[in-house]
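Trainee: I have a structure to go through. Can we take it in short questions?

Mentor: Yes. Have a look, then ask.

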Amino acid sequence: MSSPAILVRGLKKSYGSVAAVDGVDLEVARGSFFGFLGPNGAGKSTTIRILTGLAPADSGSVEILGLRFPDDELEIKKRIGLVPDESLLFDRLTGAEFLEFVGRMYGLERSTARDRAAALLDLLELANGRKIIGEYSKGMRKRVAMAAALIHHPELFLMDEPFEGVDAVGARLMKDILLDQVRRGATVFLTSHVLEVVERLCDRVAIINHGAIVASGTLGELRSGGESLEDVFVRVLGAERQLERLDWL
Amino acid sequence: MIAAILRAQILSMRLAGRRGAVFSAITGAIWYGFWCFIAFTIGLFAAHADAAALRLWIPTSLLLVCLYWQFVPILSASMGSGLDLRKLLIYPAPHGRLFFVEILLRLTTALEMVLVVAGGIAGLLRNPALGGLAAAPRLAPILIFVLFNLLLASGTRSLLERLLSHRRLREVLIFFLLIALTAPRILFASGFASVGVGPFDGIIHFPALPWAAAGHAAMGGSLLRAIAVLTGWTLAAAWFGRSQFERNLRFDSTAAQSSTAGPEAAPRGSWSERLYRLPSHLFRDPLAAIVEKELRSLARTPRFRMVFVMGFSFGVMVWLPAVMGGQAARHSTIEQNFLVVVCAYAMTLLGQVTYWNCFGFDRSAVQFYFAAPQPISQTFLGKNLAYLIFIYLEVLILVFITMLLRVDWRPAQLAETLAVVGICSLYMMAFGNISSVRYPRALTPERVSQGGASSRFQALVFILYPLALAPVFLSYLARYAFDSQTVFVVALTFSAVGGAVLYWQAVESAVKTLGERREQILADLSQGEGPVATG
């Protein structure tokens with residue numbers, strides 16, 4: 001039996017006295033489209049940052065694709081594609097130059113990196129490859145980040161709000177690409193505040209709040225009755241409240 | 001509203017942390033302590049000088065204060081703090097109030113001049129030749145002179161900031177500014193001085209000029225006339241400052257910097273594209289990819305381009321008069337080592353946009369290096385190699401310029417220059433790699449006036465430069481002491497070996513620190529500023 005794509009046990013990470021991640025246990029099967037949900041500040045981005053090696057954990061163990069962090073850090077990095085919440089784009093490069101650079105950093109031959117960069121720019125409708133990234137719109141930047149995550153054909157995608165700021169056509173295109181990757185055996189680990197997107201794409205979800213997993217399973221397991229994912233989310237977090245009117249508003 | 005802006009700025013600055021605040025306080029104390037000493041010395045002179053000396057030195061000093069106030073921020077390529085209008089324009093803030101804050105911020109570019117003027121006034125009030133404290137009303141025009149400088153500096157800053165935002169124009173502008181500023185020195189050094197300094201006397205003493213008016217009033221001239229002259233100049237400066245500020249409010253810097261005039265990237269086959277591709281022929285990936293990325297990014301960064309132009313132009317302008325000063329100077333130490341001196345200057349200037357803060361322009365994208373599957377030491381190596389390519393390009397341009405100017409140097413001197421630049425660079429890159437992970441600071445590529453390293457580190461740079469240059473300097477000292485080229489070569493070889501060892505140690509140390517402070521570094525490089533953009 002193959003190891004899970006992500007296996008996390010007892011993960012903890014604090015900033016000062018605040019526990020951003022507080023004993024997270026997580027298992028993501030290979031070939032799944034996994035949604036990682038939570039309110040703002042719940043610990044989603046911190047978890048992704050630990051999984052990608054951008055932040056060290058205080059304690060706990062992390063295994064990615066059967067390899068242990070941090071012992072096999074470089075090998076793990078070779079096999080994951082990352083779209084983080086903050087931009088990792090170099091603004092003074094053109095889209096084509098950036099993608100070629102990323103490809104070469106992941107060990108591709110220069111000519112291969114250049115060919116793949118051109119193909120991805122075409123696929124993601126970023127044909128103006130000579131414009132520098134600093135002049136791209138937010139949606140275009142997300143598309144380039146997506147292309148950069150794809151260029152080395154990774155086995156696992158770690159994506160933090162990948163569709164934020166992307167127009168409907170672009171988002172549809174990106175979703176189709178990810179679904180196609182999952183069909184081909186890749187794993188996607190996705191965070192998003194747009195629950196409709198998660199509902200449509202993901203086969204399993206986990207909800208994190210105050211640094212701890214409060215619910216996880218398939219959508220069917222989490223729903224009771226005819227609930228939508230939004231209803232599940234609000235119920236699990238205990239966040240239902242009456243709108244209070246402000247006199248002056 | 002002003003209080004709200006200042007409070008927001010103070011709250012933004014507290015993120016720098018206690019350690020940073022202590023460091024800033026220490027470096028600030030050293031810098032302003034030095035200027036307090038200068039002010040005290042000027043005060044002593046002013047208190048004991050006779051009337052004839054004061055008649056010459058009051059207007060001359062005020063002229064120098066004015067020149068420093070207006071031009072030093074430009075020459076140091078750091079125009080001080082200013083309002084970040086992009087963040088403030090969305091609020092219904094009256095422009096007059098914003099302009100007032102902007103004027104107050106102009107004090108930050110030349111607080112040292114306020115100290116100097118205060119020292120001078122205190123001295124003059126103790127001078128019996130002026131009548132002691134009774135001279136106070138006659139010195140009042142000097143206060144108007146300070147206000148004039150504040151307003152003029154505000155207008156100059158706004159104007160330059162707008163002009164320097166235009167692509168291509170900024171490099172040309174800097175070049176002409178440098179020529180304008182150094183032309184008098186060159187004219188003097190090349191023998192023009194023999195015709196006399198009459199025109200400069202006129203500039204110092206012409207009563208309709210602000211420094212002369214303030215000087216004449218201090219020496220007993222018509223107070224009303226001085227106030228009238230200075231009020232006129234101050235009103236003109238206020239109009240200039242306010243109108244330029246208003247134009248900046250309406251200015252679209254994004255449009256000015258956009259590449260609508262043509263594609264930003266060079267087409268394949270162009271000479272610049274061949275230069276960018278050069279590392280791929282010399283190194284293997286990922287090192288080659290990093291060097292190539294650095295070359296492309298830096299060459300398209302306005303801040304870097306301006307400093308690069310200054311590197312080969314300003315150095316020549318500063319030192320050229322020393323080798324044009326007649327027969328005696330032609331055999332001076334500067335003339336004999338002209339190439340080395342201007343290259344060393346270029347090297348130190350490039351430092352602020354390269355090795356001292358090598359992740360500055362990457363900002364939050366630095367996380368790519370943490371996420372990519374290659375040892376982080378490759379990133380340091382790649383960035384340092386890119387710097388070396390640029391510095392040797394500077395050397396090449398300087399060689400060409402010195403040939404055009406017919407500065408006399410032999411091929412052996414060129415070889416010596418290449419070696420010295422390489423060795424000094426080893427030491428500077430070693431210190432720079434450590435500073436890049438200890439004191440990282442996000443830089444805005446479009447802002448040509450932003451300092452390279454964090455403010456607390458900039459003071460430390462003044463200690464590190466002499467340290468980095470010391471081994472090579474000692475080699476020259478050995479050549480002078482023993483009058484032997486062999487001794488010089490041996491000493492230089494030892495310096496090179498020492499530099500190489502130090503460099504590798506520094507890379508290891510920087511990699512270790514990066515591992516430990518990864519999150520803090522990423523946070524520092526992602527951090528935005530408050531409503532006031534620091535210079």
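Mentor: Start with a term: two residues are in contact if their C-beta atoms, placed from the backbone, lie within 7 Å. Keep in mind that this is a predicted model.

Trainee: How many residues does the contact take from chain B and from chain A?

Mentor: Count each side on its own. Chain B gives 29 residues to the contact. From chain A the number is 28 residues.

Trainee: Which elements give two or more residues to the side of chain B that touches chain A?

Mentor: Look for helices of chain B here. One of them is α14, residues 287–299. The others are α19 (367–371) and α23 (485–526) of chain B.

Trainee: How do the residues of that side of chain B divide into nonpolar, polar and charged?

Mentor: Sort them by type. The side of chain B that touches chain A has nine polar and eight charged residues. Its nonpolar residues number twelve.

Trainee: Is Gln367(B) buried or exposed?

Mentor: First place the residue: Gln367(B) is found in helix α19 of chain B. Then count its neighbours: 25 other C-beta atoms lie within 10 Å. A residue needs 20 or more to pass the cut-off. Therefore Gln367(B) is buried.

Trainee: What separates the C-alpha atoms of Gln367(B) and Ile38(B)?

Mentor: Along the chain, Gln367(B) and Ile38(B) are 329 residues apart. In space, their C-alpha atoms are separated by 45 Å.

Trainee: Now chain A. Which are the edge strands of the open sheet of four strands?

Mentor: Read the order: β2-β1-β4-β5 of chain A, with antiparallel pairing. An edge strand of this sheet pairs on one side only. The edge strands are β2 (18–28) and β5 (67–69) of chain A.

Trainee: Which residue in β2(A) does Lys13(A) stand opposite?

Mentor: Strand β1 (residues 6–15) of chain A pairs with β2(A) over eight bridges, in the antiparallel sense. Look across from Lys13(A). The residue in β2(A) is Val21(A).

Trainee: In β4(A), which residue is the bridge partner of Val8(A)?

Mentor: β1(A) and β4(A) run antiparallel and are joined by five bridges. The partner of Val8(A) in β4(A) also stands opposite Phe69(A) in β5(A). That partner is Val62(A).

Trainee: Which residue in the turn between β4(A) and β5(A) has a positive phi?

Mentor: β4(A) and β5(A) run antiparallel, joined by three bridges. They form a hairpin with two residues between them. The phi in question is about 50 degrees, and the residue is Leu65(A).

Trainee: What is the order of the open sheet of six strands?

Mentor: Start from the edges, β6 (80–83) and β10 (212–218) of chain A. The pairing in this sheet is mixed. The twist averages 15 degrees from one strand to the next. The order in chain A is β6-β7-β8-β3-β9-β10.

Trainee: Which residue in β10(A) does Val205(A) stand opposite?

Mentor: Strand β9 (residues 204–209) of chain A pairs with β10(A) in the antiparallel sense, over six bridges. Opposite Val205(A) is Gly217(A).

Trainee: At about how many degrees to β9(A) does helix α9 of chain A run?

Mentor: Helix α9 spans residues 229–237 of chain A. It lies across β3, β9 and β10 of chain A. Its angle to β9(A) is about 35 degrees.

Trainee: And at about how many degrees to β2(A) does α1(A) run?

Mentor: α1(A) lies across β1, β2 and β4 (59–64) of chain A. Its angle to β2(A) is about 65 degrees.

Conventions:
Residues numbered from 1 in each chain as written. Chains lettered and ligands numbered in written order. Predicted model: local features only at pLDDT ≥ 70, side-chain atom pairs only at ≥ 80, totals over all residues. Pairing = 2+ DSSP bridges. Axes fitted to C-alpha atoms, helices over the stretch in contact; angles between N-to-C directions. Nonpolar A, V, L, I, M, F, W, Y, C, P; charged D, E, K, R; others polar. Buried ≥ 20, exposed ≤ 12 C-beta atoms within 10 Å, placed from the backbone.
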